[in-house]
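Hi everyone, thanks for coming along. Please bring the structure up on your screens, and we'll walk through it together.

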Amino acid sequence: MKIAIINGPNLNLLGKRETDIYGNMSFDKYLDVLKGIFPEVDFQYYQSNVEGELINEIQRVGYDVDGIVLNPAGYTHSSVAIGDAIAAIKAPVVEVHISNVHSREHFRHLSHVSGKSVGSIFGLGLKGYELAIRFLTEKK
Ligand code: DQA
């Protein structure tokens, strides 16, 4: 089974960035944890700070992988085009946010991604990625 994890802007700084909100672990390290939990999954990982590059990657993997775990970070709240890309592809997308976006600033309450995704997870820290992958691997 092939699963793509796509992270948006500033998530390359996990472990260094606002650690009170996002924790102390880098995503590279967490990816190793995920590979240990799901040895049967063929992971493809991509991170970009650039909106168009994220859309290109969603399109590139969207007709090939069995599922996508997507954290569009700040673009969640602004990018109609990322929402459109999710609607365009075949692979099911699970939206993940590390923090509870609904307990933060009002502008984070809007998501252009939730309505196009099969489901959304927020506020559960990095564990949200594991839960999203578990859902995708158990999905018929
Ligand atoms: C985030 C929440 C977004 O509002 C924020 O812009 C991020 C990270 C999260 O994972 O909690 O960069 O997507």
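I'll start with the ligand, then move through a few residues one at a time.

Before anything else, keep in mind that what you see is a predicted model. So please read every number I give today as a value computed from that model.

Let's begin at the ligand. Where does the ligand sit? It is in the largest pocket. Now, which residues are around it? Reading along the chain, we have Arg17 and Tyr22, then Asn71, Ala73, Gly74 and His77, and after those His97, Ile98, Ser99, Val101 and Arg108. If you sort this shell by character, four of its residues are nonpolar, five are polar and two are charged.

Let's zoom in on the ligand's oxygen atoms. Ser99 has a side-chain N or O atom 2.6 Å from an oxygen of the ligand. Arg17 offers a polar side-chain atom at 2.9 Å from a ligand oxygen, and for Asn71 the distance from a polar side-chain atom to a ligand oxygen is also 2.9 Å. How much of the ligand's accessible area does the protein cover? On its own the ligand has 320 Å² of accessible area, and the protein covers 97% of that.

Let's stay with Asn71 for a moment. You can find Asn71 in strand β3, which runs over residues 67–71. Is Asn71 buried or exposed? Its relative accessibility is 3%, so Asn71 counts as buried, the cut-off being under 20%. Now look at what else the Asn71 side chain does. One of its polar atoms lies 2.9 Å from the backbone nitrogen of Ala73. The side chain of Asn71 also makes a polar contact with the side chain of His97, at 3.5 Å. Both Ala73 and His97 were on our list of residues around the ligand, so take a second to find them on your screen.

Next stop, Arg108, another residue from that list. Arg108 is in the loop between β4, residues 93–97, and β5, residues 119–122. Which residue's side chain does Arg108 contact? That would be Glu105, through a polar contact of 2.7 Å between the two side chains. Arg108 has a relative accessible area of 17%, and because that is under 20%, we call Arg108 buried.

Now let's go to the loop between β1 and α1. In this model β1 covers residues 2–7 and α1 covers residues 19–22, and Asn10 lies in the loop between them. Glu18 is in that loop too. Here is a backbone detail to look for. Asn10 has a phi near 75°, which is a positive value in a residue other than glycine. Glu18 also has a positive phi, near 30°, and again we are looking at a residue other than glycine. Are these two buried or exposed? Asn10 has 36% relative accessibility and counts as partly exposed, while Glu18 is partly exposed with 41%.

Let's finish with helix α4, and with how separation along the chain compares with separation in space. Ile86 lies in helix α4, and with a relative accessible area of 4% it is buried. How far is Ile86 from Lys116? Along the chain they are 30 residues apart, and their C-alpha atoms are separated by 6.2 Å.

Ala81 is also in helix α4, which spans residues 80–88. Ala81 is partly exposed, at 34% relative accessibility. From Ala81 to Ile3 you count 78 residues in sequence, and the C-alpha to C-alpha distance is 22 Å.

One last pair. Tyr46 is in strand β2, residues 42–47. Its relative accessibility is 23%, so Tyr46 counts as partly exposed, in between the 20% and 50% cut-offs. Tyr46 and Lys139 are 93 residues apart in sequence, with their C-alpha atoms 23 Å apart in space.

That's the tour. If you want one picture to take home, make it Asn71: buried in this model, in strand β3, with a polar side-chain atom 2.9 Å from a ligand oxygen. Thanks for listening!

Key:
Residues are numbered from 1 along each chain as its sequence is written. This is a predicted model: local features need pLDDT of at least 70, side-chain atom pairs count only at pLDDT 80 or more; totals for chains, interfaces and linings use all residues. Side-chain values use heavy atoms; hydrogens and water are left out. A residue is near a molecule or strand if one of its heavy atoms lies within 4 Å of it. A polar contact is a pair of N or O atoms within 3.5 Å; within protein, one must be able to donate a hydrogen and the other to accept it, and residues adjacent in sequence count only if both atoms are side-chain atoms. Accessible areas come from the Shrake-Rupley method with a 1.4 Å probe; for residues, only the protein chains shown count as cover. On a 1 Å grid over the protein atoms alone, a cavity is a set of points where a 1.4 Å probe fits but cannot get out, and a pocket is an open set with protein on both sides within 12 Å along at least five of seven lines; lining residues have an atom within 4 Å of a point. A molecule sits in a cavity or pocket if more than half of its atoms lie within 2 Å of its grid points. Ala, Val, Leu, Ile, Met, Phe, Trp, Tyr, Cys and Pro count as nonpolar, Asp, Glu, Lys and Arg as charged, and the others, Gly among them, as polar. Helices (H or I, at least four residues) and strands (E, at least two) are DSSP runs, numbered from the N terminus. Buried means under 20% relative accessible area, exposed over 50%, partly exposed in between (1.4 Å probe, protein chains only).
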